[in-house]
Amino acid sequence: MIEKKDKPSFLRDATLSEETGEIRWRNTDMVVFHGIALRTIFKANRELLGSGADPIWYEAGRKVGLADGELLLPLKEEIPWVQFMQTIGEIFTSMGWGVCKVVLSDPDKKEAIVHIKNCAISRGEISDTAICYYLAGAVEGIFRVLLNADVVCRETKCQAKGDPYCEFHVTRKLS
Ligand SMILES: [Zn+2]
């Protein structure tokens, strides 16, 4: 069992270089972003491109998720799988994305379910359909690496639709 102080945390472990103006965390440059700016970018894209914006955001998220997965992969060797999944939720919570929890992860079936309560994209938003395509893509990318499988992710619940949290379901891609 690793102590809370030893768990990876963005807020605790990130460092700022005065020289380069970069915040670094696990050897990656990070940017602290205004939540309103984030939601405005997604909203402006959807206003301009309609639902055509959705696959673009999914793909962008997927690519970032692949990089995140590679960044997180070394932890897989350090701690048991269940704890690893819990830690992943805690890392993204520490970045302000909302309360992130991996509620199911099956490395054999290549399946995972992630819940994000008060998700940063849907926070305060109202929509008839799920809107967190960027996060769905990111969850796919991360689990594609961690489960080492060809998977897809669908957002099956979204706070913007009135659900209590956003839910992302990763399953094996049907060929
Ligand atoms: Zn959502």
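**View 1. Pro107 in the loop between strand 4 and strand 5 of the predicted model.** Pro107 is partly exposed because 15 other C-beta atoms lie within 10 Å; a residue is classed as buried if 20 or more other C-beta atoms lie within 10 Å of its own, exposed if 12 or fewer, and partly exposed in between, with C-beta atoms placed from the backbone. Leaving aside neighbours within four places in sequence, Pro107 is in contact with Trp81 and Leu147, where contact requires C-beta atoms, placed from the backbone, within 7 Å. The C-alpha atoms of Pro107 and Ala149 are separated by 9.3 Å, although these residues lie 42 apart along the chain. Because this is a predicted model, local features need pLDDT of at least 70 and side-chain atom pairs count only at pLDDT 80 or more, while totals for chains, interfaces and linings use all residues. Residues are numbered from 1 along each chain as its sequence is written.

**View 2. The open sheet of four strands.** The strand order is 4-5-7-6, with antiparallel pairing; helices (H or I, at least four residues) and strands (E, at least two) are DSSP runs numbered from the N terminus, and two strands pair if DSSP finds at least two bridges between them. Strand 4 and strand 6 are the edge strands, each pairing on one side only. Neighbouring strands of this sheet are turned by 20° against each other on average, direction ignored. Helix 5 packs on the sheet and touches strand 5, strand 6 and strand 7; its direction makes about 140° with that of strand 6. For such angles, axes are lines fitted to C-alpha atoms, for helices over the stretch in contact, and the angles run from 0 to 180 degrees between N-to-C directions. Strand 4 and strand 5 are joined by seven bridges, and the bridge partner of Ser105 in strand 5 is Ala112.

**View 3. The largest nonpolar core.** This core holds 35 residues; a nonpolar core is a set of buried Ala, Val, Leu, Ile, Met, Phe, Trp, Tyr and Cys residues joined through C-beta atoms within 7 Å. Cys132, Leu135, Ala136, Val139, Phe143 and Phe168 touch the most other members. Among the elements that each supply at least two residues are helix 3 (53–78), helix 4 (81–94) and helix 5 (133–146), and strand 4 (99–106) and strand 7 (166–172) are also included. Helix 5 gives the most, with ten residues. Not counting residues up to four places away in sequence, Leu135 touches Gly61, Ile116, Cys119, Ile121, Cys166 and Phe168.

**View 4. The open sheet of three strands.** The order is 1-2-3 and the pairing is antiparallel. Strand 1 (15–17) and strand 3 (28–30) form the edges, each pairing on one side only. The twist averages 45° from one strand to the next. Three bridges connect strand 1 to strand 2 (residues 22–25), and Leu16 stands opposite Ile23 in strand 2.

**View 5. Helix 2 and the residue that follows.** Helix 2 (residues 35–49) has 15 residues. From its first C-alpha to its last, helix 2 reaches 21 Å, close to the 21 Å expected at 1.5 Å a residue; the expected span is 1.5 Å times one less than the number of residues. Gly50 follows helix 2 and has a positive phi, near 65°.

Conventions
Two residues are in contact if their C-beta atoms, placed from the backbone, lie within 7 Å.
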